[in-house]
Amino acid sequence: MCSNKLLSDEIRQWREDGVVCLRGVFDQGWMDILETGFENACRNPSALAKDYAKDGKGSFLTDHGMYRRVKELHNFIFESPVAELAAGLMGADTVNLIDDHLLLKEPGTDNPTYWHQDQPYFNFAGEDFVSLWIPIDPVDENNGTMRFVKGSHLWGKQFHPVRIGLGEVVEEAEDFDGLAPDIDGHQGRYDVLSWSLSPGDCFAFHGKMLHAAFGNSTVHKRRRAFSLRLTGDDIVWHLNSYAPTETKLPNLVQGGPITCDEYPKIWP
């Protein structure tokens, strides 16, 4: 059901640039399953669901952990090519599921997604961390495609988390390496990458990659996306003070392996 053979150039681009745009990796059958699961999850939000929309303009809805309650999303994660893609990019023998993330921007939603990295929001250390961002709708800069600072995963820095739909600093989080730089205020200093996507495409980017997304300024175009955080061989448990998707902490050892019920192995 999928054309999932990674090219050597795609693997190299993920490792060197920090992001690669993968075209046509999910066929219509998988996209139908994903869309059905996404809509079912929107109708039954969890306690982790948030809507970041400002002043009631549109809706920027996020939620986590849907695979535990929405069978279509469970099937997509465990049976589609996502784990094989992640293993191929990372060169990993084992892939664990860390998080599934629903991201909906309705038409007329001004909120951008503010610059951040994914990995500082989770309790892990290491380099084998890939996020897959899979759009259900066609996306471009008008309705909320993503933006990436090329090579930022190689800076050796982790930045202080912000609330992604508001840009507010999360006071209870570690300082890490301070706040992310002002990318938009100094665009000449950075190589910012962005692509338009069609359903079936996805972004794959490193967990320490600085990324953001446009708001949805359109009148009629939705922007539905499903994001997965997946880890490979060198990731170990590293407890942080702020991990917003945790509902209960697993009984893991600092610096030890992460496979458990909360972070199941999905490859091989």
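The largest nonpolar core of this predicted model has 40 residues, and Phe26, Val130, Ile134 and Leu230 are those with the most contacts inside it. Helix H4 (residues 82-90) supplies the largest share of this core, seven residues. One of the residues with the most contacts, Ile134, can be followed outward. Leaving aside neighbours within four places in sequence, Ile134 is in contact with Phe26, Met31, Leu34, Phe76 and Val82, and also with Asp201, Cys202, Arg224, Ala225, Phe226 and Leu228.

Apart from the largest core lies another, of 32 residues, which includes Trp133, Met146, Phe203 and Phe205. Three of these names return in the aromatic rings: Trp133, Phe203 and Phe205 form one aromatic cluster together with Phe148 and Trp195.

The structure holds 17 aromatic pairs. In one of them, the ring centres of Phe148 and Trp195 are 6.4 Å apart and the planes stand at 55 degrees, so the pair is tilted; an edge-to-face pair would need over 60 degrees. Phe148 belongs to strand E8 (residues 146-149), whereas Trp195 is in the loop between strand E9 (192-193) and strand E10 (202-206), so the pair ties together parts that are 47 residues apart in sequence. The two partners differ in accessibility: Phe148 is buried, with a relative accessible area of 0%, while Trp195, at 22%, counts as partly exposed.

Another pair is made by Trp155 and Phe159. Their ring centres are 6.3 Å apart and their planes lie at 85 degrees, so this pair is edge-to-face. Here too a buried ring meets a partly exposed one: Phe159 has a relative accessible area of 7% and is buried, and Trp155 has 32% and is partly exposed.

Aromatic rings also face charged groups. The charged end of Lys105 sits over the ring of Phe60, at 4.7 Å from the ring centre. For Arg147, the charged end sits over the ring of Phe214, and the distance to the ring centre is 5.1 Å.

Lys105 also leads to the pocket, through the strand in which it falls: strand E4 (residues 95-105) gives the largest share of the lining of the largest pocket, four residues. The volume of this pocket is about 330 Å³. Of the 20 residues that line it, Leu48, Gly65, Arg68, Thr245 and Thr247 are the closest to the pocket centre.

How values were computed. Residues numbered from 1 in each chain as written. Predicted model: local features only at pLDDT ≥ 70, side-chain atom pairs only at ≥ 80, totals over all residues. Heavy atoms only, no water. Phe/Tyr/Trp six-rings, centres within 6.5 Å; stacked < 30°, edge-to-face > 60°. Helix = DSSP H or I, 4+ residues; strand = E, 2+ residues; numbered from the N terminus. Buried < 20%, exposed > 50% of the residue type's maximum accessible area, 1.4 Å probe, protein only. Lys NZ or Arg CZ within 6 Å of the ring centre and 35° of its normal. Core = buried A, V, L, I, M, F, W, Y, C linked by side-chain atoms within 4.5 Å. Contact = heavy atoms within 4.5 Å. 1 Å grid on protein atoms, 1.4 Å probe; cavity = no way out; pocket = protein on both sides within 12 Å on 5 of 7 lines; lining within 4 Å. Points joined across faces, edges and corners; volume = space filled by probe spheres on them.
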